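Thanks for sharing this one. Here are my notes, in the form of a few numbered points to go through with the model open beside you.

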Amino acid sequence: MRLLVLGGTEFAGRAVVEAALGRGWEVTVLNRGRHQPPAGVRALRGDRTAPGGLAALASGEWDAVIDTWSAAPRAVDDAARLLADRVGRYVYVSSCSVYAWAPPAGYGEDAPLVEGASPDAGKTDYARDKRGGELAALGAFGAERSVFARAGLILGPYENVGRLPWWLGRVARGGPVLAPGPRDLALQYVDARDLAEWLLGSVERELSGAYNLISPQGHATMGAFLDACVGVTGGVAELRWIAPEVVLSAGIEPWTQLPVWVPPGSEGYDALHSADVSLAVGAGLRCRSVEETVADTWEWLRGVPEYVGRPSVGLDSAVEAKVLGVPLGA
């Protein structure tokens, strides 16, 4: 297979490139050159937000293109229109955020979609940007040659958001750790490497249409997730499980200040951790254990000289100590 990856050096895009190389595919990447792509790819330079930024793609043919873009939809529109006659299939990594808020528990790919998205729009908000990207691919490649992988929470090595890395860093410091309950809270996420394998499989199977791309609900729990963090970091942390209402009454923001966690029974929980993924599972999605995802992320993280995630992710230590009723730094 001849694969074109737009990006291909960070997180999900990097996982796609490494998985494709592992299959013996011929891989071309287009990016701005800020990060070094894995060895073995053909690297092209271009900034798709700048005039003439796609000049390096003026020639060439590929069996598929995989695009993880999440900003202004017009960048997807420009690429899709340029490549429509020279690429077999457009695989766009979209998001479950494209569903109109708030989708009900167990929502499938036929749930209502966010309104107001346009394929040639500038940057608006995440939901409409991702839906606009879908519309851009659809407009250039048609329904039969486009795939929308509506991913949810993505975890794993090379994560550049900081959710799992924050938990690993916090647990590694040891001491009492605020663990948001309940312990058996069911989670949905996808390891970037499992997402990548499914994306490549969608090309091989010549799939089309939209798929919710996260693990089946209950594949992991909050307890299993944090236990795995404690295990790989040496077991020096003490998880103290705190009821959701206590966490919320302290003014702590779910998802951002306590990454991954959303209180059960909330609209956010239904949207982020209760999607129907039967279509993707039927089309080949296989998910590795939470223990493997956590262990591999910790191994990667220890090799990073100075990890920097998004500053909005994570809980302030003083707030944590206050909720737990312990001295700061205990």
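The points below take up helices, an aromatic cluster and some backbone angles.

1. Please keep in mind throughout that this is a predicted model.

2. Helix H3, residues 126-141, is a good place to begin. With 16 residues at 1.5 Å a residue, H3 should span 22 Å, and its end C-alpha atoms lie 23 Å apart, so expectation and model agree. Its buried residues include Ala 127, Arg 131, Glu 134, Ala 137 and Phe 141, and charged side chains such as Asp 129 and Lys 130 are on that list too. Among the elements covering these buried residues are helix H2 (74-83), strand S5 (87-95) and strand S6 (146-151). Just after H3 comes Gly 142, with a positive phi of about 75°.

3. Helix H6 (residues 222-232) can be read in a similar way. Its buried residues are Met 222, Gly 223, Phe 225, Leu 226, Ala 228, Cys 229 and Val 230. H6 is followed by Gly 234, whose phi is positive and near 110°.

4. Ala 12 sits in helix H1 (residues 11-22). Is Ala 12 buried or exposed? Its relative accessible area is 11%, under the 20% cut-off, so Ala 12 counts as buried. Leaving aside residues up to four places away in sequence, Ala 12 touches Ala 192 and Leu 195. The C-alpha atoms of Ala 12 and Ile 154 are 8.1 Å apart, although 142 residues separate the two along the chain.

5. On the aromatic side, the count comes to six pairs. One of them joins Trp 300 and Tyr 307 edge-to-face, with 5.8 Å centre to centre and 85° between the planes. Trp 300 is buried at 18% relative accessible area, whereas Tyr 307 is partly exposed at 26%. Ring pairs link both residues with Tyr 158 in a cluster.

6. Tyr 158 deserves a second look for its backbone. It has a positive phi of about 75° although it is not a glycine, and it lies in the loop between strand S7 (154-155) and helix H4 (163-173). At 31% relative accessibility, Tyr 158 is partly exposed. Val 260 also has a positive phi, of about 80°, in the loop between strand S15 (258-259) and helix H8 (267-273). Val 260 is buried, at 1% relative accessible area.

7. Finally, which peptide bonds would I check by eye? The bond from Trp 101 to Ala 102 is cis, with omega near -5°, and Ala 102 lies in the loop between S5 and H3. The bond from Gly 181 to Pro 182 is also cis, with omega near 0°; Pro 182 is in the loop between strand S8 (175-180) and strand S9 (186-187).

Definitions and conventions:
Residues are numbered from 1 along each chain as its sequence is written. This is a predicted model: local features need pLDDT of at least 70, side-chain atom pairs count only at pLDDT 80 or more; totals for chains, interfaces and linings use all residues. Side-chain values use heavy atoms; hydrogens and water are left out. Helices (H or I, at least four residues) and strands (E, at least two) are DSSP runs, numbered from the N terminus. The expected span of a helix is 1.5 Å times one less than its number of residues. Buried means under 20% relative accessible area, exposed over 50%, partly exposed in between (1.4 Å probe, protein chains only). Contact means heavy atoms within 4.5 Å. Rings of Phe, Tyr and Trp (its six-membered ring) pair if their centres lie within 6.5 Å; planes under 30 degrees apart count as stacked, over 60 as edge-to-face and the rest as tilted.
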